[in-house]
Amino acid sequence: MEKIILKTTKRIDLVDITDKIESLVEKSRVKEGICFLFCPHTTAGLTINENADPSVRYDIMNTLKRIIPENGNYAHTEGNADSHIKSTLFGHSLTIFIENGRLSLGTWQGIYFCEGDGPRQREVWVKII
Amino acid sequence: MEKIILKTTKRIDLVDITDKIESLVEKSRVKEGICFLFCPHTTAGLTINENADPSVRYDIMNTLKRIIPENGNYAHTEGNADSHIKSTLFGHSLTIFIENGRLSLGTWQGIYFCEGDGPRQREVWVKII
Amino acid sequence: MEKIILKTTKRIDLVDITDKIESLVEKSRVKEGICFLFCPHTTAGLTINENADPSVRYDIMNTLKRIIPENGNYAHTEGNADSHIKSTLFGHSLTIFIENGRLSLGTWQGIYFCEGDGPRQREVWVKII
């Protein structure tokens, strides 16, 4: 298992980690296989979405802020109840195929770390078989 | 890796792909294993839900339309900002067990391709181990 | 494939199944590997979230109840249309790494069965490689 370390800079952000994962795949020298990703946090998650127009990321974050506002009528009093709920909606595990020694992503796909309660130092765990 | 090609016919739709996946499992002759599915698109996703009453699919789509409307205050100007957001909520990878040479699904479960910006030709990538 | 049987006690609930999964990992004697979880139901799901303050679980359930109310304008007439929609948002498969013979979870993470239409007897399917 490999660990990617990243530092997020905002409370809510979608950080492109595609290149970091691709580097681990190259280092592994696996030609045909599967890359498993896991997010070990409870106020963050992982998703796949468009890698071109950054407005897509903005819309995802903005819409989630609207649906699950930071300041709601929450029981959890640490100020990040919304972040926990977003974490569950994003999800914590991703499975991506490896073909010809590279990640098999769609043309427009990038892999994103979904920060829900930053800025913080975060990890993504990676296993390649 | 195998590719399933499908043509969607509506802007938003849940298309049952269970039989197509089951055929690939049979072809693989794997008796005990895992079937991994991946959606290579950023305005579509994959889910599992009821295979009997089609009103369930209707309610899923209709509720997502209500929560994330097509015409919102979005930064992405291609008219499919909502589709990208839905794609992240559906998710892109599924893991289903194979037992006795068949997909292990619950009694009421079917596998659905979640079209969010059709009609289009789409793919689902499949790996069986 | 192993099956975990659980009895839920409420209509909507998040039930901690971490210890049950951990027991199966120990029993398997796998030291380095992957634990795959699958929810074979269409009105329930699986998630990972905070294992300490139970108010987090309360907020997740309460917020989903607000966004997807039990009594909405649904086509499915069995009284559990909301449960099917929640099931799709939670998701049905999880992938967790095994290191040193134990589940590799983050410090604050627990694994939860997300009941959406209980009380019922439910299953979680587990495969360890």
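Let's call two residues in contact if their C-beta atoms, placed from the backbone, lie within 7 Å. With that in hand, take chain A of this predicted model: among its contacts with a separation of 6 or more, 82% are between residues 24 or more positions apart. Keep that number in mind while we walk through the fold.

What pattern does chain A follow along the sequence? Reading it off gives β-β-α-β-β-α-α-β-β-β-β, so to speak, in the form of three helices and eight strands.

Now for the overall dimensions. A compact globule of 129 residues would have a radius of gyration near 14 Å, and chain A comes in at 15 Å, so the two agree. Along the principal axes, the C-alpha trace of chain A spans about 50 × 30 × 20 Å. As for burial, 52% of the 129 residues in chain A count as buried.

Next, the sheet. Five strands of chain A make up an open sheet, in the order S1-S8-S3-S5-S6, and the pairing is antiparallel. Which strands sit at the edges? They are S1 (2-7) and S6 (102-103) of chain A, each of which pairs on one side only. The partner of S1(A) is strand S8 (residues 121-128) of chain A: the two run antiparallel and are joined by six bridges. To find the spot in the viewer, look for Lys7(A), which stands opposite Gln121(A) in S8(A).

Time to bring in the second copy. Chain B superposes on chain A (RMSD 0.0 Å) after a rotation of 120 degrees, with 0.0 Å of shift along the axis. The two copies are therefore related as by a three-fold rotation axis. If you want a landmark for that axis, try Leu89(B): in chain B its C-alpha is the nearest one, 3.6 Å from the axis. The copies use different surfaces, too, as 17% of the contact residues of chain B recur in chain A.

So what does the contact itself look like from the chain B side? Chain B puts in 23 residues and chain A puts in 26. On chain B, at least two residues each come from strand S3 (33-38), helix H3 (81-90), strand S5 (93-99) and strand S8 (121-128). Which element gives the most to this side? That's H3(B), with six residues. Sorted by class, the side of chain B that touches chain A has 12 nonpolar residues, 10 polar ones and one charged.

Terms used
Residues are numbered from 1 along each chain as its sequence is written. Chains are lettered from A and ligands numbered from 1 in the order in which they are written. This is a predicted model: local features need pLDDT of at least 70, side-chain atom pairs count only at pLDDT 80 or more; totals for chains, interfaces and linings use all residues. Helices (H or I, at least four residues) and strands (E, at least two) are DSSP runs, numbered from the N terminus. Ala, Val, Leu, Ile, Met, Phe, Trp, Tyr, Cys and Pro count as nonpolar, Asp, Glu, Lys and Arg as charged, and the others, Gly among them, as polar. Copies are superposed by least squares on the C-alpha atoms of residues with pLDDT of at least 70 in both. The radius of gyration is taken over C-alpha atoms; the globule rule is 2.2 Å times the number of residues to the power 0.38. A residue is buried if 20 or more other C-beta atoms lie within 10 Å of its own, exposed if 12 or fewer, and partly exposed in between; C-beta atoms are placed from the backbone. Two strands pair if DSSP finds at least two bridges between them.
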